[in-house]
Every structure is written in C-alpha cells, then in structure tokens.
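Open the model in your viewer and keep the selection box handy. We will go from stop to stop, and at each one you will hear what to select and what is there.

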There are 4 protein chains.
Amino acid sequence: MDSEIKIEELKKLVRDFCEARDWDSFHTPKDLAIGLVTEGSELLEIFRFVKESDEAMVIQEKREAIADELADSLFFILRFAGRFGFDLSDSLAGKLEKNVKRYPPKR
Amino acid sequence: MDSEIKIEELKKLVRDFCEARDWDSFHTPKDLAIGLVTEGSELLEIFRFVKESDEAMVIQEKREAIADELADSLFFILRFAGRFGFDLSDSLAGKLEKNVKRYPPKR
Amino acid sequence: MDSEIKIEELKKLVRDFCEARDWDSFHTPKDLAIGLVTEGSELLEIFRFVKESDEAMVIQEKREAIADELADSLFFILRFAGRFGFDLSDSLAGKLEKNVKRYPPKR
Amino acid sequence: MDSEIKIEELKKLVRDFCEARDWDSFHTPKDLAIGLVTEGSELLEIFRFVKESDEAMVIQEKREAIADELADSLFFILRFAGRFGFDLSDSLAGKLEKNVKRYPPKR
C-alpha cells in the first residue's frame, strides 16, 4: 500500500524482478524511455475519443485496465531511476520548488 | 530521498501543489494521461538518434534534463493515482506477480 | 500506389470514410492528435527492446504490422489536416526549407 | 499543394534532404519511429489542458505551430516508408477496406 511503501522499496522490487530475468542488456536508457512512452500511450488510448462528460464513467468501468497501465508506466520510471542512479523524490521536490515561482499559488 | 519517502507522501506533495493552484478542473483523466505521454516523450527525445554505444555518455552529460523529465512523468502518474484513487504499490506488486508466470526467472 | 496518388486524394479517401460513419463529433483536434501519438506508439513498440543489430530482421519479419501502424498514423495526420484546413505538402516543403539553414548539406 | 503533389514526390523530397546530410546511419527504424512519436507528442502538447470548448480557438491561434508539428510527423512517416520500401497509399487503402467491416457505415 502506498501509505506504507517507500520509493526505494518499489525500486528494489523492480530491480530484483529484472535482474532475476537477466534483462540488463535490454534495459538501455533509450529502451526504458520507449517503455515509458508506449505504456503511457496505452493509458491514453483508454481515453481516446472519450468526451469530457464521459471520462468519469470510463474511470469507473475500466479501473483494472487503468491500474495496469499506471503500474506499467511506473515500472519503467522506477527501473530507469534505479538503474542509472536518479533519486525520484529529490527530483520531484526540486521540480515543484522551481514551479512555485512559475505558477504562483492562487490560494 | 527515495529511501525515506513513502509513495503516499509524494502523492500528497503533488495533490497539495495542484490544489493550491485550483488545477482540478484541468486535471481530467484524459489530460493527465496526455501529461504522462508528453513528458515521457521529452525523456525519449533526449535519446533520439543516439547510438547504443553513446547512451551511457548521454546519461552522464544530461543528468539534470533526464532527472527533470523523470520527475515530470512521475508527477502525472502520482496526480492521476491520487486524484482517482489508485494504489500504485498494490497495482505494481500485482502486475509483477502476474508477470512471474509470463516471464519465468532465469536465475 | 504512392507514385500515382496525390495527397489530396488520400485526404478525400479518409474524409469520405469518416463522414460515412458520422465521426465528426469524435474527431476533435485533441483526439486526432491522441490518435496520431497512440498509433505512432504502436509502431514504436514493435522495436522496443530490439537491438540495433536486429532491427533489419524485424523490418523483414513484421512488414504487415509495420505497414498497418504506418497507415494508422498517416490516417490521423490526413484527417487532422483535411478537417482543419492544413496543406501538408506546403507545410513540409516550408519546414525543409527552414531546415536547410539549420542543417547545411554535407554533400 | 496537396492537390498537385503525389505521395512519391514527397517521399523523394524527404529522401533527397536526408541523403544530402548523410543521415542514413541515424535513421534506423527504431529512431524513425521515435521521431514520429516525439513529433506527434509535440502536436498533442498544443492541446494539453485545453477544454473541448476551447479547441477551435487553439486551432485558429496556433496554426503555424500546428502546421509545423504535422509536417514533422509526416516527415518521419515518409522517411520510414521511403527508406524501408512501404507503399503508404496501398497500406492505407487496404486498412480502410478492412475497417469497412469493423465499422459499417451509418449513412
């Protein structure tokens, strides 16, 4: 559960899974980035031609498919970061800090 | 740091950032999925036309740009999951479990 | 055949196909752009985890799937351009002209 | 103009441009597919967070940027097809024919 698991633990889960399958030679930066885009695109395809007014319904009806594509996309981010030494929490916090100036809060 | 931060804490960071800016009405499922794909695509573009043998060099030379695009992509996954009630850790663990059969370990 | 067909004729083929199905209300600019990206992503997925040295083999073995994804991607470009009044030949020629300065010819 | 130019002529325009720059070694199938997705994604980004009701306005206000991204996407389709011997008109016509059964006309 997201309330219990640390990012590093998810990274390790993914790393162990990949190393047990000898996937290192396939997991180049370019192919991991392709992985992220192609899985993100499968998430997007679920909403293709869906009208704004029907999106909430699709969220309800396709929960399992959506959860799968979110997991697949996250897999490639965690694998990329774990394999090439990026700290996601630090990068995200730093990015948000920069964006505070770019997009000042309204409230 | 990834070794300290739980997924839920990152989700909350992103939610607070978005709610302070009244972004809810823009953050439909379709537009968040577009966010994921367009940011993932910016990560991919860093490796466009880069030869396999040069990828390691690019990883070194463009660390900051890569960290930024990873953070941007993760932002949209966390926002999507947080906004529509998906548990990423559970989804990812479930997905890996299914994949154990599909891709039996070599080691 | 590409040696006989004009761009405008392909645009018309696509337009007639879509109008006969009353697809106008689904074919907003955003959804047509999603169509292009999701179909392009299916082409890309064919080469995911394929090593540089194996790409030529994949081109041979998956000709039909590749032709399908190229056609699907082109469909959305032609539909977008036809529906919203863009001239693709002029845009492409203009783009190449600009790029002559950016990338001077080597030969 | 699209009413005058044949697909083959556009293919040749692109091929001549690329050959004059010695781009063959960079234009592998995988990198050309990445080109298509990343350029399509730039088109999509123009409509990110744009409400259905505002899409028509964006089409008017960003005509030049849209034309550029359509041209860039088409460039990679023409280059891929030209370089690896795919006939786009035949593929598209064949695809539409198959889809007549899948999506019977309403009119």
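Before the first selection, one yardstick: the expected span of a helix is 1.5 Å times one less than its number of residues. Helices (H or I, at least four residues) and strands (E, at least two) are DSSP runs, numbered from the N terminus. This is a predicted model, in which local features need pLDDT of at least 70, side-chain atom pairs count only at pLDDT 80 or more, and totals for chains, interfaces and linings use all residues. Residues are numbered from 1 along each chain as its sequence is written, while chains are lettered from A and ligands numbered from 1 in the order in which they are written.

**Stop 1: helix α2 of chain B**

Select residues 29-45 of chain B, which form helix α2. These 17 residues reach 24 Å from the first C-alpha to the last, close to the 24 Å expected at 1.5 Å a residue. Is this helix enclosed or open? A residue is buried if 20 or more other C-beta atoms lie within 10 Å of its own, exposed if 12 or fewer, and partly exposed in between, with C-beta atoms placed from the backbone. In α2(B), 17 of the 17 residues are buried, so the helix is largely enclosed by the rest of the structure.

**Stop 2: chain A as a whole**

Now show chain A alone. It has five helices and zero strands, in the order α-α-α-α-α along the sequence. Its C-alpha atoms fill a box of roughly 45 × 35 × 30 Å along the principal axes. The radius of gyration, taken over C-alpha atoms, is 17 Å for chain A, whereas a compact globule of 107 residues would have one near 13 Å; that globule rule is 2.2 Å times the number of residues to the power 0.38. Buried residues make up 47% of the 107 residues in chain A.

Colour the chain by confidence next. On the pLDDT scale, the predictor's confidence in each residue from 0 to 100, chain A averages 95, and 99% of the residues score at least 70. The model scores ipTM 0.96 and pTM 0.97.

**Stop 3: where chain A meets chain B**

Bring chain B back. Two residues are in contact if their C-beta atoms, placed from the backbone, lie within 7 Å. How many residues does each chain give to the contact? There are 58 from chain A and 58 from chain B. On the chain A side, α1 (7-19), α2 (29-45), α3 (55-61), α4 (63-84) and α5 (88-102) each supply at least two residues. The most come from α4(A), with 13 residues.

Colouring the chain A side by class shows 34 nonpolar, seven polar and 17 charged residues. Here Ala, Val, Leu, Ile, Met, Phe, Trp, Tyr, Cys and Pro count as nonpolar, Asp, Glu, Lys and Arg as charged, and the others, Gly among them, as polar.

**Stop 4: the axis between the two copies**

Superpose chain A on chain B, by least squares on the C-alpha atoms of residues with pLDDT of at least 70 in both. A turn of 180 degrees and a shift of 0.0 Å along the axis lay chain A on chain B with an RMSD of 0.0 Å. That is the relation of a two-fold axis. To find the axis from chain A, pick Lys6(A): its C-alpha is the nearest in the chain, 1.9 Å away. The same surface serves both copies, as 100% of the contact residues of chain A recur in chain B.

**Stop 5: two residues of chain B**

Select Asp2(B), in the segment before α1 (7-19) of chain B. With 21 C-beta neighbours inside 10 Å, Asp2(B) counts as buried. Leaving out residues up to four places away in sequence, Asp2(B) touches Lys6(A), Ile7(A), Glu8(A), Lys11(A), Asp87(A), Leu88(A) and Ser89(A).

Then jump to Arg102(B), in helix α5 (residues 88-102) of chain B. Arg102(B) is exposed, with 6 other C-beta atoms within 10 Å. Draw a distance from Arg102(B) to Met1(B): the C-alpha atoms are 33 Å apart, and the residues are 101 apart in sequence.

**Stop 6: helix α4 of chain B**

Select residues 63-84 of chain B, helix α4, with 22 residues. Its end C-alpha atoms are 32 Å apart, which agrees with the 32 Å it should span at 1.5 Å a residue. Of the 22 residues of α4(B), 17 are buried, so the helix is largely enclosed by the rest of the structure. Just after α4(B), look at Gly85(B), whose phi is positive, near 70 degrees.

**Stop 7: chain D**

Finish on Leu13(D), in helix α1 (residues 7-19) of chain D. Leu13(D) is partly exposed, with 18 other C-beta atoms within 10 Å. Not counting residues up to four places away in sequence, Leu13(D) touches Ala93(C) and Leu96(C).
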